[in-house]
Amino acid sequence: MKRLYDETSFKCSKIVTKNYSTSFSLAVYMLSPKIREAIYSIYAFVRFADEIVDSFHTYEKEVLLNEFEADYYKAHKYDISLNPILNSFQQTVKKYNITDDLIQSFLKSMKADLNKEMYNTVEEYTNYIYGSADVVGLMCLKVFVNGDTEKYDELKFSAMKLGSAFQKVNFLRDLKDDFELLNRSYFPGVNLKELTTEEKTEIILDVEADFKDALEGIKKLPLEAKFGVYTAYVYYKRLLNKLNDTPSKEILNTRIRVSNPLKLSLLAKSFVVYKLNLL
């Protein structure tokens with residue numbers, strides 16, 4: 001009955017994705033059924049690690065994160081874990097040859113969130129984004145290209161740019177929670193209490209450049225992945241536009257979001273673009 005347990009494990013990863021992110025869940029549903037389970041398993045793994053450092057404030061977060069890491073490596077070694085999220089993730093890692101350097105870089109950024117509050121240099125900021133977001137894009141790319149190393153190398157840059165763009169949008173959207181609740185400031189050289197229009201514009205332009213590079217890669221993705229990734233791209237691009245329209249002084253006092261009806265509208269428009277082969 002190991003097969004039933006594995007199926008249950010992947011269903012648990014899907015539930016985690018649906019419960020934590022309606023937008024990402026919608027995008028994953030637009031992927032080919034052949035690769036959805038793998039992407040759910042990646043999302044659930046990174047989400048639980050992120051939850052430990054961002055949400056479990058009344059618990060021993062460092063202990064929990066270290067145990068999570070140790071349990072993953074046990075799961076990888078023995079091909080099984082009674083933690084269904086780790087059980088599904090270790091199978092995806094092996095099936096799609098996700099290299100350990102990507103997982104280690106991700107965990108390094110999560111560990112940074114345990115104690116580091118200020119990112120004072122561009123190098124610190126870039127390294128954090130690489131570990132917390134770019135490598136997640138690369139893990140997903142491993143699934144999308146399914147062993148085609150030439151394709152992986154061709155699309156690696158744009159996959160990282162998409163991860164960077166998503167993460168920077170998250171930074172701007174979550175400015176209030178990150179700054180007031182977690183006392184974190186990711187943007188180097190920016191006083192978030194006094195975020196100016198010029199500083200916000202500079203950040204927006206940087207993210208738009210990332211999106212532009214990412215789109216070139218999305219156009220070249222295998223058919224199994226293209227529409228789903230494009231759906232996520234369109235959603236986050238819309239979120240960035242809303243942030244751009246929000247005065248810099250208000251960003252710290254509110255959390256910008258895209259309504260569910262608008263998400264469905266964006267999905268419909270994305271489908272038209274995709275079906276008309278305009279990508």
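**Close-up 1. Helices H3 and H6 run roughly parallel to each other.** This view, like those that follow, comes from a predicted model. The axes of H3 (residues 33-55) and H6 (residues 100-115) cross at roughly 20°. That angle is under 35 degrees, so the pair counts as roughly parallel. The two axes come within 9 Å. The crossing is right-handed. H3 brings Phe45, Val46, Ala49, Asp50, Val53 and Asp54 to the contact. H6 answers with Ile103, Phe106, Met110, Asp113 and Leu114. Eight of these contact residues are nonpolar and three are charged. No polar residue takes part.

**Close-up 2. Helices H3 and H7 pack roughly antiparallel to each other.** H7 spans residues 122-145. Its axis lies 10 Å from that of H3, at an angle of about 165°. The angle is over 145 degrees, so the pair counts as roughly antiparallel. H3 passes H7 in a right-handed crossing. On the H3 side, the contact residues are Ile35, Ala38, Ile39, Ile42 and Val46. On the H7 side, they are Val136, Met139, Cys140, Val143 and Phe144. The contact holds 10 nonpolar residues, with no polar and no charged ones. Val46 is listed in this contact, and Val46 is also among the H3 residues that meet H6.

**Close-up 3. Helix H2 packs against H3 in a right-handed crossing.** H2 covers residues 22-29. The axes of H2 and H3 come within 10 Å and cross at roughly 155°. That makes H2 roughly antiparallel to H3. Phe24, Ser25, Val28 and Tyr29 of H2 form one side of the contact. Arg36, Ile39, Tyr40 and Tyr43 of H3 form the other. Six of the contact residues are nonpolar, one is polar and one is charged. Ile39 belongs to this contact with H2, and Ile39 also appears in the contact of H3 with H7.

**Close-up 4. Cys12 and Cys140 are not joined by a disulfide.** A disulfide is a covalent bond between the sulfur atoms of two cysteines. The structure holds zero disulfides. For Cys12, the nearest cysteine sulfur is that of Cys140, 19 Å away. For Cys140, the closest cysteine sulfur is in Cys12, and 19 Å is too far for a bond. The cut-off for a disulfide is 2.5 Å between sulfur atoms. Cys12 is partly exposed, at 24% relative accessibility. Cys140 is buried, at 10%. Cys140 is one of the H7 residues that meet H3.

**Close-up 5. Ser248 and Thr246 are both in contact with Lys200.** Ser248 is found in helix H12 (residues 248-251). Its relative accessible area is 7%, so Ser248 is buried. Beyond residues up to four places away in sequence, Ser248 touches Leu195, Thr196, Thr197 and Lys200. Thr246 sits in the loop between H11 (223-245) and H12. Thr246 counts as buried too, at 10% relative accessibility. With neighbours within four places in sequence left aside, Thr246 is in contact with Lys200, Ile251 and Ile256.

**Close-up 6. Ser55 lies in helix H3.** Ser55 is partly exposed, with a relative accessible area of 35%. Ser55 and Asp101 are 46 residues apart in sequence. In space, their C-alpha atoms are 26 Å apart.

**Close-up 7. Asp79 and Asn146 are non-glycine residues with positive phi.** Asp79 has a phi of about 65°. Asp79 is found in the loop between H4 (61-78) and H5 (84-95). A relative accessible area of 44% makes Asp79 partly exposed. Phi of Asn146 is near 50°. Asn146 is found in the loop between H7 and H8 (149-173). Asn146 is exposed, with a relative accessible area of 55%.

Note on methods. Residues are numbered from 1 along each chain as its sequence is written. This is a predicted model: local features need pLDDT of at least 70, side-chain atom pairs count only at pLDDT 80 or more; totals for chains, interfaces and linings use all residues. Side-chain values use heavy atoms; hydrogens and water are left out. Axes are lines fitted to C-alpha atoms, for helices over the stretch in contact, and angles run from 0 to 180 degrees between N-to-C directions. Helices (H or I, at least four residues) and strands (E, at least two) are DSSP runs, numbered from the N terminus. Angles under 35 degrees count as roughly parallel, over 145 as roughly antiparallel, 65 to 115 as roughly perpendicular and the rest as oblique. A crossing is left-handed if the near helix is turned anticlockwise from the far one by less than a right angle, and right-handed if clockwise. Contact means heavy atoms within 4.5 Å. Ala, Val, Leu, Ile, Met, Phe, Trp, Tyr, Cys and Pro count as nonpolar, Asp, Glu, Lys and Arg as charged, and the others, Gly among them, as polar. Buried means under 20% relative accessible area, exposed over 50%, partly exposed in between (1.4 Å probe, protein chains only).
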